[in-house]
Amino acid sequence: MGELPEGSLLDVGCGYGPVGLALAYASQRPVEMIDINQRAVDLAKGNAQRNGIEQVDIHQSNIYAQLNQPAYAAILSNPPIRAGKEVVHEILTGAFPLLKAGGTLTIVIQKKQGAPSAQKKMQETFGNAEIIKKDKGYYIIQSVKEA
């Protein structure tokens, strides 16, 4: 993940937890994981417990409405495409003020489900948006909040 500032990470739309839990395990950093769906939150909590991952704070939130930190070193999301472009763009633009200088927004999104549009919105918001990986129609796109 490169040189990130100190601090917590945020997984937006965590679902049952694969991204946030893997991130917490690999980075050994605290990870806040949020989802609007209470069932997803409950599943993510169960998966954290089953895997012995303790440095996670998993709770319900409508995008960035209920967060427990003022700023994050990185925000990650596999955005909920079915929620619509407006919600996806709110995740992308809303990340900017929540990131520390040098922090990153990283998303995974399918090309056919709006990767070019998401990259354009990230470019507009951050002034940069790099495709860091493409595989089988999936793109990983990252923006950095310049210091």
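In this predicted model, strand β1 sends its side chains to two sides: Leu-9 and Asp-11 point one way, Leu-10 and Val-12 point the other, and all of them are buried. That makes β1 a handy place to start, with a strand partner to follow on either hand. On one hand is β2, which pairs with β1 in the parallel sense over four bridges. Within that pairing, Leu-10 sits opposite Glu-32 of β2. On the other hand is β4, again paired with β1 in the parallel sense, and again over four bridges. Here Val-12 has Ser-77 of β4 as its bridge partner.

Zooming out, these strands belong to an open sheet of seven, laid out in the order β3-β2-β1-β4-β5-β7-β6, and the pairing is mixed. The edges are taken by β3 (56-60) and β6 (130-135), each of which pairs on one side only. From one strand to the next, the twist averages 15°. As a general point, strands of a sheet pair through backbone hydrogen bonds, either parallel or antiparallel. Both kinds turn up here: β1 with β2 is a parallel case, while β5 with β7 is an antiparallel one.

Helix α1 (residues 18-27) packs on the sheet, where it touches β1 (9-12), β2 (31-35), β3 and β4 (72-77). The direction of α1 makes about 180° with that of β2. Taken together, β1, α1 and β2 form a β-α-β unit, and a right-handed one. The loop leading from β1 into α1 holds Gly-17. So how accessible is Gly-17? Its relative accessibility is 0%, so Gly-17 counts as buried. Leaving out residues up to four places away in sequence, Gly-17 touches Ala-22, Met-33 and Ala-44. One of these, Met-33, falls within the β2 range of residues 31-35. There is also a link across the chain to look at: Gly-17 and Ala-48 are 31 residues apart in sequence, and their C-alpha atoms are separated by 7.8 Å.

Moving along the sheet, β4 has six of its six residues buried, so this strand is largely enclosed by the rest of the structure. Five bridges connect β4 to β5, and the two strands run parallel. Tyr-72 stands opposite Leu-99 of β5, and Ile-75 has Leu-105 of β5 as its bridge partner. The chain gets from β4 to β5 by way of α3, in a β-α-β crossover that is right-handed.

What about the other side of β5? Strand β5 (residues 99-110) is joined to β7 (residues 138-144) by seven bridges, and the two run antiparallel. Leu-105 has Ser-143 of β7 as its bridge partner, and Gln-110 has Tyr-138 of β7. Leu-105 therefore serves as a bridge partner on both hands, because Ile-75 pairs with Leu-105 as well. Also in strand β5 is Thr-104. Is Thr-104 buried or exposed? With a relative accessible area of 5%, Thr-104 is buried. Setting aside neighbours within four places in sequence, the contacts of Thr-104 are Leu-4, Ala-73, Ala-74, Ile-75, Leu-99, Gln-142, Ser-143 and Val-144.

The last piece is the helix pair. Helix α3 (residues 85-95) and helix α4 (residues 115-126) have axes that come within 9 Å and cross at roughly 30°. That angle makes α3 roughly parallel to α4. The crossing of α3 past α4 is right-handed. On the α3 side, the residues that meet α4 are Lys-85, His-89, Leu-92, Thr-93 and Ala-95. Their counterparts in α4 are Ser-117, Ala-118, Lys-121, Met-122, Thr-125 and Phe-126. The buried residues of α3 are Val-88, His-89, Ile-91, Leu-92, Gly-94 and Ala-95, and these pack against β1, β4, β5 and α4. In general, an α-helix has 3.6 residues a turn, so residues three or four places apart point the same way.

Methods: Residues numbered from 1 in each chain as written. Predicted model: local features only at pLDDT ≥ 70, side-chain atom pairs only at ≥ 80, totals over all residues. Heavy atoms only, no water. Pairing = 2+ DSSP bridges. Axes fitted to C-alpha atoms, helices over the stretch in contact; angles between N-to-C directions. Contact = heavy atoms within 4.5 Å. Buried < 20%, exposed > 50% of the residue type's maximum accessible area, 1.4 Å probe, protein only. Right-handed = clockwise from strand over helix to strand, strands pointing away. Parallel < 35°, antiparallel > 145°, perpendicular 65-115°, else oblique. Left-handed = near helix turned anticlockwise from the far one by under 90°.
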